[in-house]
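User: Could you take a close look at one loop residue in this model for me, and then walk me through the sheet and the pocket as well?

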Amino acid sequence: QVQLVESGGGLVQAGGSLRLSCAASGLPFSKYVMGWFRQAPGKEREFVARISWNGANTYYIDSVKGRFTISRDNAKNTVYLQMNSLNSEDTAVYYCAATLVIKGNYDYWGQGTQVTVSS
């Protein structure tokens, strides 16, 4: 049974930082591309960032470039999202997801962790 479990969300002031973690089990983690998505209230879920199986390649949406960093530790089956200079537009539920095909549909999803940025 595949499980992706996010943690690290919370309430932070604008300009602050948070680091999200996503612990994976039940799948060959090092073979999967991992992504982070988010869904703000009243909005559709949007892609935020992804990282290749070996961590060599990353991709971000423009609105988080230079502020967010995705990384992974294959020995710990964990992917991270370091979020700096947070603003109110970053308020959302953040989800991690796994896919075998870069730019493909994601096969597995976590339950999400809430990030709230207060202004």
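**A look at Thr91**

Analyst: Thr91 sits in the loop that links β8 (78–83) and β9 (92–99). Keep in mind that this is a predicted model. Thr91 counts as buried because its relative accessible area is 17%, and the cut-off for buried is under 20%. As for what its side chain does, the side chain of Thr91 reaches the backbone nitrogen of Val117, at 2.9 Å.

Now to the sheet. β8, the strand before that loop, belongs to an open sheet of 4 strands, ordered β1-β3-β8-β7, with antiparallel pairing. At the edges are β1 (3–7) and β7 (68–73), each of which pairs on one side only. On average, neighbouring strands in this sheet are turned by 15° against each other, with direction ignored. If you want to zoom in on one pairing, try β1 with β3 (residues 18–25): these two run antiparallel and share 5 bridges. Within that pairing, Val5 has Ala23 of β3 as its bridge partner.

Then there's the largest pocket, with a volume of about 220 Å³. Its lining is made up of 15 residues, and the ones closest to the pocket centre are Arg38, Lys43, Glu46, Glu89 and Asp90. Sorted by class, the lining of the largest pocket comes to 7 charged, 5 polar and 3 nonpolar residues.

Note on methods
Residues are numbered from 1 along each chain as its sequence is written. This is a predicted model: local features need pLDDT of at least 70, side-chain atom pairs count only at pLDDT 80 or more; totals for chains, interfaces and linings use all residues. Side-chain values use heavy atoms; hydrogens and water are left out. Two strands pair if DSSP finds at least two bridges between them. Axes are lines fitted to C-alpha atoms, for helices over the stretch in contact, and angles run from 0 to 180 degrees between N-to-C directions. On a 1 Å grid over the protein atoms alone, a cavity is a set of points where a 1.4 Å probe fits but cannot get out, and a pocket is an open set with protein on both sides within 12 Å along at least five of seven lines; lining residues have an atom within 4 Å of a point. Grid points are joined across faces, edges and corners, and a volume is the space filled by probe spheres set on the points. Ala, Val, Leu, Ile, Met, Phe, Trp, Tyr, Cys and Pro count as nonpolar, Asp, Glu, Lys and Arg as charged, and the others, Gly among them, as polar. Buried means under 20% relative accessible area, exposed over 50%, partly exposed in between (1.4 Å probe, protein chains only). A polar contact is a pair of N or O atoms within 3.5 Å; within protein, one must be able to donate a hydrogen and the other to accept it, and residues adjacent in sequence count only if both atoms are side-chain atoms.
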